Amino acid sequence: MKNQIVSERFKEMATMLELKGENPFKVRAYNKAAQNIESISEDIEKVAAEDRLTSIPGVGKDLAEKIKSILETGTFKEYDELKAQIPEGLLKIVNIPGVGPKRAALIHKELGITSEEELKEAAQKGLLRNLPRMGAKTEANILRGIEIWQQARARKPLGITLPIAKEIINNIKSIGKVHTIDVAGSIRRRKETNKDIDILASAEDPENIMKGFTKMPMVKEVLLCGSTRSSIIIEQDLQVDLRIVPDESFGAALQYFTGSKNHNIHLRTIAEKMGLKVNEYGVFRGNNRIAGKTEEEVYNSIGLPFIAPELREDKGEIEAAQSNSLPELIEQKDIKGDLHMHTKWSDGANTIMEMAETARKLGYSYIAITDHSQSLTVANGLTPERLLEQIKEIDKINEIIEGITILKGMEVDILSDGSLDMPDEVLQKLDVVIAAIHSGLKQPEEQLNARILSAIRHPLVNIIAHPTGRIIGERDRYPVDLRAIMQEAKLRGVAIELNSFPNRLDINDEGCRLAREIGVKVAINTDSHLKDQLINMEFGVATARRGWLRAGDVINTMPLKELKKFLYKEGIQ
DNA sequence: GCCGTTTTCGGCCCGACTGTTTTCAGTCG
């Protein structure tokens, strides 16, 4: 997959054009294309080979040619030309908070600075304050910007940011009378990683709330503090923005600050054609506010139904809203069980009983116990003999436990030759067989594909676990052909897992859209190793929603009876 | 550089905050 490489080139191109003071819309064109190329689930080389590059939104004739050039040579002419003119270090300093293209260019021109280190040194020596329209404060801000940038280079997973956001909202509520408060930004859209935390509120006494907000115990630094907007850095090195707006504008502001940027641009373009203006205070016809108190109002006022935040990426949701064909998205309450979890029998921390009781409290009617198989020695994987013992124990627990059914399962390894790490006659005694790759991750694409495909064709396999193997911020996905895997899985009555572990989310949102397109069923599982991780289902459901999935696309929304029909492959040859 | 229910040219979202300035440029989201 060279999607990332193409995307990087275009992003860098955009930055260089910005530094040259080029047409900002050209800059945006490159950035938008980069973003879309990064997020499509298909291999860009395949799209190029099939001459479908211009079907990617934001890619026209010109960029299509440039993509081909990147795929063949790793670069393209205009990129090389600009690259030759612009010092490498300049590209780095332009990303530092407080330094934009104008200042980067000025700093470079006047002081000859070409790197982050040189900039830091110059700021420490007080050389920046003498430049036009810059002073001691700007200089200090840039110095601070370098620090922030070094710390926060990595986006943080939703599994970290969402709980913090919830905690901060509770804190703010305790400061004074808050009318309405909600998280906005990429967290509200449930994007898998977030750069910062955006919170929006309306309140009795905004000044007081703002003051309290900047004085919370977790605050490490106050970046700015106004009556409508404040920004802080918290202990976890995350930036948190709080905005306070009037009640009558809350919906408009929530819509605006939830984004995404591309979704909002598209929305405003539609509004403009209707003679309306949309900003964070409302929807206006001339000076008349015609909507703004709720998000529903805002969408309705421009002729659209409410669009769920998870869909707001300008990837077809606005068109779907216009034609009244938005999907009825899956919700947490649709989930009837969790089909992937571990216990003390392998590398989990809790007993079968503890897992079952926690799941029952979550309102589930079934779970599957799916410990590892023997080849995964590091995880204390089960031999056939131990699995048979575990089966007996589950039978016993099922007899005494009430209100929940425990399905017998295993997360069985797909070995290097594509065979399963457990004899068929033992697997046959199980209700759920999950097949997964945990070894030989460095094998070439063809071999990995072949292993997974052969597991899918095994008549006893029900689910393929974490199909791409990526771990956010640690390990790239392995180069498997997700489309081919899904097509085969659909044919064989096998489900594809959406692993809800916050640093996995595998398949991801784009994978979900592909699954929906192909029509393969998805299993949203937590892969819990502790009973406390069962609540991670929230992240899987959120990702499924971002991937346009409905309850009917997901097997663990089925009642047990129906699920069993799926697991026993009734009607599949 | 893209794009089209104002279509092949001329648009492309818009306001807050800061720091510098004496009316606004730069950055950010």
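## Contacts with the DNA

Let's start at the backbone of the DNA: the side chain of Lys 26 has an N or O atom 3.0 Å from a phosphate oxygen of DNA strand B. Leu 63 uses a backbone N or O atom, 3.1 Å from a phosphate oxygen of this strand, and a backbone N or O atom of Cys 225 lies 3.3 Å from one.

This is a predicted model, where local features need pLDDT of at least 70, side-chain atom pairs count only at pLDDT 80 or more, and totals for chains, interfaces and linings use all residues. Side-chain values use heavy atoms, with hydrogens and water left out, residues are numbered from 1 along each chain as its sequence is written, and chains are lettered from A and ligands numbered from 1 in the order in which they are written.

## Around strand B

In total, 45 residues surround DNA strand B (a heavy atom within 4 Å of it), and Arg 28, Lys 66, Gly 135, Thr 228 and Ile 265 are the closest. Sugar or phosphate accounts for 76% of the strand's atoms within 4 Å of the protein, and bases for the rest.

## The largest cavity

What lies between domain 3 and domain 4? The largest cavity does, because domain 3 (249-322) and domain 4 (332-567), with bounds from an automatic or database domain assignment, both give residues to its lining. Among the lining residues are Glu 310, Lys 315, Arg 513 and Trp 548.

Notes. On a 1 Å grid over the protein atoms alone, a cavity is a set of points where a 1.4 Å probe fits but cannot get out, and a pocket is an open set with protein on both sides within 12 Å along at least five of seven lines; lining residues have an atom within 4 Å of a point. A polar contact is a pair of N or O atoms within 3.5 Å; within protein, one must be able to donate a hydrogen and the other to accept it, and residues adjacent in sequence count only if both atoms are side-chain atoms.
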